[in-house]
Amino acid sequence: GHGTASEVVSNYLQNGAQLMLQQVWDDVDNAPGNEKVRIHAVRIQYEKAGEQNLTVAMPVDMVFEFWNLEENAYLSFSVVIYNDNDVCILNSGSPAKLYKKGLIKGVCHIPGNFLNDSLYRVRLLIVKDRSTPLIDIDNLATFEVHDLPREGRWYGKWIGAVRPSLAWETHFMESKEC
């Protein structure tokens, strides 16, 4: 084969991976999980103008729904995102709350101009008492963030795990006689 191991894996993922922006389980008995919690749905959502791709500039929401099967459980969401080189890009947790039995929804908001262009996969943990993962499910969703046309003439791969549009201030301070 040609290319480094990481290039080969990355190409395989980009060419072979099915994007999975949504999964729904309607039957609690067959949904992923256990006697404590079961997944109902995961959705990767962004504002689509027509059939437009998700780009680096767009905000994206990761929406999770699960059934809590224990009365009065102190639960939180924990989401981990990996890129196509299997690098962990971030791990974000929701505040822990006391929930009754029933369907619980969590939405994690990722701002625009944060993720770099890449293929991403989503792992979800539901955590009890801020310490014990009740479930830990990888590959729950996969999504791709696409590059945008750029200013200037350089079109190589933009380096970095994230790609924030950070605020800068620049100003000319004084003339110097050379």
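1. Start with S76, which touches S94, P95, A96, L125, I126 and V127, leaving out residues up to four places away in sequence; a contact here means heavy atoms within 4.5 Å. S76 is found in strand β4, residues 73-83 (strands are DSSP runs of E with at least two residues, helices are runs of H or I with at least four, and both are numbered from the N terminus). Its relative accessible area is 9%, so S76 counts as buried; that label means under 20%, exposed means over 50%, and partly exposed is in between, with a 1.4 Å probe and protein chains only.

2. A word on what you are looking at: this is a predicted model, in which local features need pLDDT of at least 70 and side-chain atom pairs count only at pLDDT 80 or more, while totals for chains, interfaces and linings use all residues. Residues are numbered from 1 along each chain as its sequence is written, and side-chain values use heavy atoms, with hydrogens and water left out.

3. On the overall layout, the protein has one helix and nine strands. The helix comes at the N-terminal end of the order, which reads α-β-β-β-β-β-β-β-β-β. Of the contacts with a separation of 6 or more, 66% join residues 24 or more positions apart. Buried residues make up 37% of the 178 residues. The accessible surface comes to about 11,600 Å², and 51% of that belongs to carbon and sulfur atoms (Shrake-Rupley method, 1.4 Å probe; for residues, only the protein chains shown count as cover).

4. Which strands does β8 pair with? One partner is β4, in the antiparallel sense over nine bridges. Another is β9: β8 (residues 118-128) and β9 (residues 132-145) are also antiparallel, over ten bridges. Two strands are said to pair if DSSP finds at least two bridges between them. Nine of the eleven residues of β8 are buried, so this strand is largely enclosed by the rest of the structure.

5. You can follow the register by eye at K128. This residue of β8 stands opposite L75, and K128 also stands opposite T132 in β9. Elsewhere along the β8/β9 pair, L124 has I137 as its bridge partner.

6. The turn between these two strands deserves a look. β8 and β9 form a hairpin with three residues between them, and D129 lies in that loop. D129 has a positive phi of about 55° although it is not a glycine. As for its surroundings, D129 is partly exposed, with a relative accessible area of 43%.

7. Where does N139 sit? In strand β9, and N139 also has a positive phi, near 55°, without being a glycine. Its relative accessibility is 43%, so N139 counts as partly exposed. I'd check the backbone at both D129 and N139 in the viewer.

8. Now to S118, found in strand β8. Neighbours within four places in sequence aside, S118 is in contact with N83, D84, F143, E144 and V145. Is S118 buried or exposed? At 11% relative accessibility, S118 counts as buried.

9. V145, one of the residues in contact with S118, belongs to strand β9. V145 is buried too, with a relative accessible area of 4%. Beyond four places in sequence, V145 is in contact with L54, T55, V56, L115, N116, D117, S118 and Y120. Its C-alpha atom is 9.2 Å from that of A57, a residue 88 positions away along the chain.

10. V145 also helps line a cavity, along with L54, T55, V56, M58, V60, P111, F114 and L115. A cavity is a set of points, on a 1 Å grid over the protein atoms alone, where a 1.4 Å probe fits but cannot get out; lining residues have an atom within 4 Å of a point. A search of the whole structure finds one cavity of 30 Å³ or more, and the volume of the largest is about 40 Å³ (the space filled by probe spheres set on the points, which are joined across faces, edges and corners).

11. What kinds of residue form that lining? Eight are nonpolar, one is polar and none is charged. Here Ala, Val, Leu, Ile, Met, Phe, Trp, Tyr, Cys and Pro count as nonpolar, Asp, Glu, Lys and Arg as charged, and the others, Gly among them, as polar.

Terms used. 1 Å grid on protein atoms, 1.4 Å probe; cavity = no way out; pocket = protein on both sides within 12 Å on 5 of 7 lines; lining within 4 Å.
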